[in-house]
Amino acid sequence: MAGGGFVAQDGGANYEGRVTSFVIISCLIAATGGLLFGYDLGISGGVTSMEPFLKKFFPSVLEKQSDAAKHESEYCKFDSELLTLFTSSLYLAALIASFFASAVTRIFGRKISMLVGGLAFLIGSILNGIAMNVALLIIGRLLLGVGVGFANQSVPVYLSEMAPAKIRGALNIGFQMAITIGILAAGLINYGTAKIEDGWGWRVSLALAAVPAIVMTVGSFMLPDTPNSILERGHTEKARQMLQKIRGTQHVDAEFQDLVDASEAAKKVDHPWRNILQPRYRPQLVLCILIPFFQQLTGINVIMFYAPVLFKTLGFGDDASLMSAVISGTVNVVATVVSIYSVDRFGRRILFLEGGAQMIISQIAVGVMIAVKFGVNGDGDLSRTDANVLLFLICAYVAAFAWSWGPLGWLVPSEICPLEIRSAGQAINVAVNMIFTFAIAQVFLAMLCHMKFGLFFFFAGFVIIMTIFIHFFLPETKNVPIEEMNRVWKQHWFWGKYIPDEAVIGGNRKVEHRDA
């Protein structure tokens, strides 16, 4: 039936073991990889609203804001292709890096991929901090992109493989929590550095990206690799020992056998990129493409890396715009905690559906309010009350994203792919995410200039489409062991026809139907 899904009894196989401090600490260290992505998302928009930075690198943007350019529409005063290239070049580099990261993650393991990402991000942050021209600035951004590409490829997979099924969602969302903490920290740093009188505060903001890079680089040295990855590289006994260590018990035969079965299936696949196109992997391929595609078309990155610019455009003023970005960043962190608490209790679907509905309402309300206050011509201003209402609506939108599409956009693709296509599936997830992050970053300021308040209706329309898609085509995956995920697809009303019987690991276990 439409929207239906099947799950294993009690969510899946009941493996022996407990939640150990070892696995918690490992996942927390790995999740810090999200700081790289989050800090950059938060720092870029704040820096690009600082006058000393614009004066040095993008003087044409400053001219549009000057008193001599009063005729310029409020919607268009930040529209600059070079400025958007500064922001979006990172995501283009991350896109390309994700394909190299896929091979590194598969051949050398997840932790090596994290190490490469941390080192690239560290070098990029140093170059950005000392940049004297746009060329060096963008080279630094490209290296930051390599770091983000490797981190986003390896960390979600690492977390999904290390975590016990019953808390996999919560531990995986640690990655999104680190992203939100990075965004908030960036907002606070921008607020402080913008007050440095000599005009070099932007250098501090950009150079401090070295801090999350060092955290991830050092952390990757300390981490063990996952049993799945160790087994994938042919070290059977070492993989068993690691599984016993992370589960806190010697009795891991059932779970280990499922990992071995998955590994044996993976060894039969010589070309994961070619194999993922086969019909038996159709649900994973479709979701690894559409979930990151939809995640970016919620419009969240418009809010996150252009929040200070957007608030400044809407008349909040310099300090107020940065402070408003800090407020929305705080909401982002708090709402992600809600997701960590809820995802393994209530499931993925309910968070997707409630978050979608809340985002739709918030975006339409923001669009209507901006239309009323600024009209088509962009002439108008906001009273204090108007500004507070607008900030509330944006925070309601950010909260909805932070407990739905934010964490689940990384969690679901990382947990649904069988081992033989997991690296390829995650690479597709990261690549699609970065393609559309790049595209939206590149065109957003031009879209704001030309579509005006209609931009918010544009994103709301996509949220309606993606919410309908989730209702019909995403089965519930909470508490299902990662190597048994094909059981969920096999019993789904639409995807079941693509999954052959032999692809279902643990297929002799009882399943029950659950209306989604």
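## Aromatic pairs, core and buried helices

At 3% relative accessibility, W495 counts as buried. The residue before it in name order, F494, has 23% relative accessibility and counts as partly exposed. Since buried means under 20% relative accessible area and exposed means over 50%, a value of 23% falls in between. The model described here is predicted.

### Overall composition

The protein chain has 23 helices and 2 strands. It contains 516 residues, of which 63% count as buried. Among the contacts with a separation of 6 or more, 82% link residues 24 or more positions apart. A search for disulfides across the whole structure returns 0. Two of the cysteines, C27 and C395, are buried, with relative accessibilities of 1% and 10%.

### Aromatic pairs and charges over rings

The structure contains 27 aromatic pairs. One of them joins F53 and F58 in a tilted arrangement, with 5.7 Å between the ring centres and 50 degrees between the planes. Both of these phenylalanines are buried. Another pair, F494 with W495, is edge-to-face, with a centre-to-centre distance of 4.8 Å and an angle of 80 degrees between the planes. In this second pair, F494 is partly exposed at 23% relative accessibility, whereas W495 is buried at 3%.

Two lysines are placed over aromatic rings. K56 lies over the face of F57, 5.8 Å from the ring centre. The charged end of K195 sits over the ring of Y191, at 4.7 Å from the centre of that ring.

### The nonpolar core

The largest nonpolar core comprises 127 residues, and F53, F58 and W405 have the most contacts inside it. Helix 21 (residues 419-451) supplies the largest share of this core, 12 residues. F53, which also belongs to the tilted pair with F58, touches V47, T48, F58, F86, L137, W202 and L206 when residues up to four places away in sequence are not counted. W405 is a buried residue of helix 20.

### Helices 2 and 20

Helix 2 covers residues 34-47 and has 14 residues. The distance from its first C-alpha to its last is 20 Å, close to the 20 Å expected at 1.5 Å a residue. V47, a residue that F53 touches, falls within the range 34-47 of helix 2. The helix is mostly covered, with 14 of its 14 residues buried.

Helix 20 spans residues 405-416 and has 12 residues; at 1.5 Å a residue it should span 16 Å, and its end C-alpha atoms are 16 Å apart, which agrees. Because 12 of its 12 residues are buried, helix 20 is largely enclosed by the rest of the structure. Its buried residues include W405, G406, P407, W410 and P413, as well as the charged-type residue E415.

### Selected buried positions

The table gives relative accessible areas for four positions outside the aromatic pairs above.

| Residue | Relative accessible area |
|---|---|
| S339 | 0% |
| P407 | 1% |
| S423 | 6% |
| N479 | 18% |

S339 lies in helix 17 (residues 318-346). Beyond neighbours up to four places away in sequence, S339 touches I173, L351, A402, W403 and P407. P407 in turn is found in helix 20, and the residues it touches, with the same sequence neighbours left out, are I173, Q176, S339, F401 and A402. I173 and A402 therefore appear in both contact lists, since contact means heavy atoms within 4.5 Å and each lies within that limit of S339 and of P407. The C-alpha atoms of P407 and R348 are separated by 9.9 Å, although the two residues are 59 residues apart along the chain.

S423 is placed in helix 21, the helix that provides 12 residues of the largest nonpolar core. Leaving aside neighbours within four places in sequence, S423 is in contact with S102, T105, R106, R110 and Q153.

N479 belongs to the loop between helix 22 (454-473) and helix 23 (486-490). Its phi is near 65 degrees, a positive value in a residue other than glycine. With 18% relative accessibility, N479 counts as buried, because the cut-off is under 20%.

Terms used
Residues numbered from 1 in each chain as written. Predicted model: local features only at pLDDT ≥ 70, side-chain atom pairs only at ≥ 80, totals over all residues. Heavy atoms only, no water. Phe/Tyr/Trp six-rings, centres within 6.5 Å; stacked < 30°, edge-to-face > 60°. Buried < 20%, exposed > 50% of the residue type's maximum accessible area, 1.4 Å probe, protein only. Lys NZ or Arg CZ within 6 Å of the ring centre and 35° of its normal. Core = buried A, V, L, I, M, F, W, Y, C linked by side-chain atoms within 4.5 Å. Helix = DSSP H or I, 4+ residues; strand = E, 2+ residues; numbered from the N terminus. Disulfide = S-S within 2.5 Å. Expected span 1.5 Å × (residues − 1).
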